[in-house]
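Colleague: Could you take one part of this model and look at it closely for me? Please explain each term as you go, and then place the part in its surroundings.

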Amino acid sequence: MSRKKVLVLGGNFAGLTAALTVKHELHGDVDVTVVSSCDDFLFTPSLIWVPFGKRIRRDITFKVGPTFEEHQVDFVHAEATAIDPVAKRVETAAGPQDYDYLVIATGYRNRFDVIPGLGQDGNAHTITTMEDALHAGEGWRRFIDRDEPGDIVIGATQGAGCFGAAYEFLFNTSYQLKKAGLKDKVRLTYVSAEPFLGHFGIGGLPHGESLLGMFLKKEKIHAVLDTAMDHVDEGRLVLADGRTIDFGYAMIIPPFSGQEVVRKVEAISDDNGFVKVRDTYQSEAYDDLYAVGVAAAVEVPWTTATPVGIPKTGFPTEQQAHTAALNIAAQVRGEEPAEHKAFGDIPAVCVMDAGNNGVVILADKMLPPRKHGVLIPGPQAHVMKLGFEKYFLWKMKHGQVRLP
Ligand SMILES: Cc1cc2nc3c(=O)[nH]c(=O)nc-3n(C[C@H](O)[C@H](O)[C@H](O)COP(=O)(O)OP(=O)(O)OC[C@H]3O[C@@H](n4cnc5c(N)ncnc54)[C@H](O)[C@@H]3O)c2cc1C
């Protein structure tokens with residue numbers, strides 16, 4: 001039997017986990033190649049601290065090449081430009097790659113076109129990529145240096161799903177305003193598509209709304225919820241119902257879409273460029289094509305007046321990557337894929353930082369109906385996030401993807 005080749009597109013949370021897990025599972029008896037447009041691993045949860053200078057690029061990234069080399073995985077630093085699932089071939093900027101099994105782990109792109117005025121040339125910052133977060137930091141430093149800085153708007157547009165990052169940035173901003181002696185001078189407003197505080201794009205958790213309400217009250221933060229945005233002018237957010245909020249600094253999270261290279265393949269992709277998958281993480285259309293992490297489509301199980309997306313966080317991403325890798329290993333051995341893990345049934349595990357405080361979020365399932373869900377507030381959450389960042393970067397850098 002010829003040696004099989006697994007090709008993984010993307011080398012961050014999902015891609016790195018899937019590539020190393022399949023290699024380990026088959027005791028090295030498989031060729032694994034990772035093609036990624038970025039040769040850094042980026043610990044995205046810490047992007048919330050970059051604008052405040054609490055983290056710089058090298059604190060939260062490492063080069064993935066040596067990690068893959070150590071585990072006998074080939075790494076190609078190049079963008080995948082076309083996928084042909086029938087010929088089982090991917091075109092990349094560094095030449096074509098054939099495969100027996102493909103894992104798409106290409107993550108997200110910002111959908112700045114959701115409203116006019118977003119993006120680096122627009123009027124509001126965002127923090128969802130390293131470049132965006134660095135740019136948001138330049139704006140932040142200009143803001144706090146002004147004699148009359150103005151007010152701050154932090155929010156998430158209609159269709160956004162990354163609400164945790166919006167809340168974390170909101171509370172970190174409040175903390176930084178206190179440190180800069182500006183808390184009483186600056187009005188802080190949270191604007192969100194969520195139907196209620198603490199919905200988080202996962203339908204909320206018991207007591208979450210009241211806990212978040214208490215946090216906002218204590219920090220004197222105003223909330224405008226269940227609202228769509230129309231556009232962002234210079235210094236002014238215009239809501240869909242015509243209301244306006246003036247600001248001297250704004251950070252707005254957009255919705256995410258999949259990568260263009262995925263969206264072009266109609267047979268596998270939904271309208272947003274995410275791959276339609278089964279609970280084995282095989283695509284609906286092809287048994288040998290998998291998608292994991294943000295690249296995998298998730299059905300939103302509710303309808304809200306203002307569209308709300310789903311947060312595709314790190315824990316489910318790792319679980320999906322493991323599931324896909326075990327199923328590929330089974331296929332390589334001539335068996336049927338036997339691992340099933342629907343996104344909604346994966347536990348929710350998240351730490352939300354608030355500067356010197358925070359909330360640990362735990363639930364038995366990402367999506368309702370759930371049996372258990374709890375939010376544990378307190379300074380220990382901040383300490384946990386600091387510790388988790390160090391642990392996770394160590395774990396990924398050393399390829400210890402089987403550790404929790
Ligand atoms: C600001 C922010 C804060 C967050 N905070 C948390 C948190 O606190 N906790 C949590 O659990 N989750 C958090 N998340 C979510 C977390 O970042 C995602 O779950 C995780 O990034 C998903 O990993 P991924 O590998 O699927 O996608 P990505 O991290 O997006 O990685 C995709 C990779 O694919 C590469 N790629 C893209 N296109 C191509 C192409 N055409 N060819 C080849 N390679 C390509 C990219 O360069 C990248 O390396 C946060 C996200 C953001 C944006």
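Modeller: Helix H1 has 13 residues, and from its first C-alpha to its last it reaches 18 Å. That is close to the 18 Å expected at 1.5 Å a residue, where the expected span is 1.5 Å times one less than the number of residues. Helices (H or I, at least four residues) and strands (E, at least two) are DSSP runs, numbered from the N terminus. The model is predicted, so local features need pLDDT of at least 70 and side-chain atom pairs count only at pLDDT 80 or more, while totals for chains, interfaces and linings use all residues. Residue numbers start from 1 along each chain as its sequence is written.

H1 is mostly covered, with twelve of its 13 residues buried. A residue is buried if 20 or more other C-beta atoms lie within 10 Å of its own, exposed if 12 or fewer do, and partly exposed in between, with C-beta atoms placed from the backbone. Among the buried residues are Phe13, Leu16, Leu20 and Val22, and also Lys23 and Glu25. Just after H1, His27 takes a positive phi of about 50°.

H1 (13–25) also supplies at least two residues of the shell around the ligand, as do strand S2 (31–36), helix H4 (163–179) and helix H7 (314–332). A residue is near the ligand if its C-beta atom, placed from the backbone, lies within 6 Å of it. There are 36 residues around the ligand, of which Gly10, Asn12, Gly107, Gly293 and Gly314 come nearest. By class, the shell has 18 nonpolar, 16 polar and two charged residues. Here Ala, Val, Leu, Ile, Met, Phe, Trp, Tyr, Cys and Pro count as nonpolar, Asp, Glu, Lys and Arg as charged, and the others, Gly among them, as polar.

The shell draws at least three residues from each of domain 1 (5–108 + 258–343) and domain 2 (112–254); such bounds come from an automatic or database domain assignment. The C-alpha centres of the two domains lie 30 Å apart. Where they meet, 19 residues of domain 1 are in contact with 30 residues of domain 2, contact meaning that the C-beta atoms, placed from the backbone, lie within 7 Å. The side of domain 1 that touches domain 2 divides into 13 nonpolar, four polar and two charged residues.

Note on methods:
Two residues are in contact if their C-beta atoms, placed from the backbone, lie within 7 Å.
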